[in-house]
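Visitor: I am new to this structure. Could you show me how to read it, feature by feature?

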Amino acid sequence: PGGGELRTYTVVTVATPQFSEDTPYVTALVDFGPVTLTGLLRGVDHDDVETGMAVGVTVEETATTGGRAVVFRPR
C-alpha cells in the first residue's frame, strides 16, 4: 500500500552503541493493512508525533553506522 497508519510509538533518548548518534529517535509500529512494520519515524518533531497519523515507508541509513533501516515519514 502507498501509506500506513501509526499505531504506537516510543521516543528513545538513551540507545545502544549501534544507535547512539541517532538519539533521540522515534521507534514506531505502523499498520499497512494486512502487514504491521516496525521502524524509525523521521521528518516530524518528537513532540508532534500522534497515533493515527498517516505515514509512508522507505529505507534509509542510520547516522551511527550507515546501516540500512526501515523509516516512516509523514505523508
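Guide: Start with a hairpin. This is a predicted model. In it, β4 and β5 form a hairpin with six residues between them. G66 sits in the turn and has a positive phi of about 80°.

Visitor: In which sense do β4 and β5 pair, and over how many bridges?

Guide: First the general idea. Strands of a sheet pair through backbone hydrogen bonds, either parallel or antiparallel. Here, β4 and β5 take the antiparallel sense, over seven bridges. Take E61: its bridge partner in β5 is R68. Likewise, V57 has F72 as its bridge partner in β5.

Visitor: Which elements does the chain have?

Guide: There are five strands and zero helices. From the N terminus on, the order is β-β-β-β-β.

Visitor: What do the five strands build, and in what order do they run?

Guide: They make a closed barrel. Its order is β1-β2-β3-β5-β4, and the pairing is mixed. Neighbouring strands of this sheet are turned by 45° against each other on average, direction ignored.

Visitor: Where does the parallel part come in?

Guide: Look at strand β3, residues 35–41, and strand β5, residues 68–74. Two bridges join them, and they run parallel. L41 has F72 as its bridge partner in β5.

Visitor: Which strands does β1 pair with?

Guide: Strand β1 covers residues 4–12. Seven bridges join β1 to strand β2, residues 25–32, and the two run antiparallel. For instance, Y9 has A28 as its bridge partner in β2. β1 also pairs with strand β4, residues 54–61, in the antiparallel sense over two bridges. G4 has V55 as its bridge partner in β4. For E5, the partner in β4 is A54.

Visitor: Now the interior. Which residues make up the largest nonpolar core?

Guide: The general idea comes first. In soluble globular proteins, nonpolar side chains tend to be buried together. Here the largest nonpolar core has ten residues. They are L6, V26, A28, V30, F32, L41, V49, M53, V55 and F72. β2 gives the most to this core, with four residues. A second, separate core has five residues, including V12, Y25, A69 and V71.

Visitor: Take one member of the largest core. What does V49 touch?

Guide: Leave out residues up to four places away in sequence. V49 then touches L6, Y9, V26, L41 and V44. Of these, L6, V26 and L41 belong to the largest core with V49.

Visitor: How much of the chain counts as buried?

Guide: Of the 75 residues, 29% count as buried. The accessible surface of the chain comes to about 4,500 Å². Carbon and sulfur atoms hold 49% of that surface.

Visitor: Is G3 buried or exposed?

Guide: Burial is read from relative accessible area: under 20% is buried, over 50% is exposed, and partly exposed lies in between. G3 has 32%, so G3 is partly exposed.

Visitor: Where does G3 lie, and what does G3 touch?

Guide: G3 lies in the segment before β1. Not counting residues up to four places away in sequence, G3 touches F32, V55 and R75. Check the spacing to A54 too. G3 and A54 are 51 residues apart along the chain, yet their C-alpha atoms are separated by 6.6 Å.

Visitor: What share of contacts in the chain join residues at least 24 apart?

Guide: Count contacts between residues at least 6 apart in sequence. Among these, 44% join residues at least 24 apart.

Visitor: Last point. How does the radius of gyration fit a compact globule?

Guide: With 75 residues, a compact globule would have a radius of gyration near 11 Å. The chain has 12 Å, so the two agree. Along the principal axes, the C-alpha atoms fill a box of roughly 35 × 25 × 15 Å.

Technical notes. Residues are numbered from 1 along each chain as its sequence is written. This is a predicted model: local features need pLDDT of at least 70, side-chain atom pairs count only at pLDDT 80 or more; totals for chains, interfaces and linings use all residues. Side-chain values use heavy atoms; hydrogens and water are left out. Two strands pair if DSSP finds at least two bridges between them. Axes are lines fitted to C-alpha atoms, for helices over the stretch in contact, and angles run from 0 to 180 degrees between N-to-C directions. The radius of gyration is taken over C-alpha atoms; the globule rule is 2.2 Å times the number of residues to the power 0.38. Buried means under 20% relative accessible area, exposed over 50%, partly exposed in between (1.4 Å probe, protein chains only). Contact means heavy atoms within 4.5 Å. Accessible areas come from the Shrake-Rupley method with a 1.4 Å probe; for residues, only the protein chains shown count as cover. A nonpolar core is a set of buried Ala, Val, Leu, Ile, Met, Phe, Trp, Tyr and Cys residues joined through side-chain atoms within 4.5 Å.
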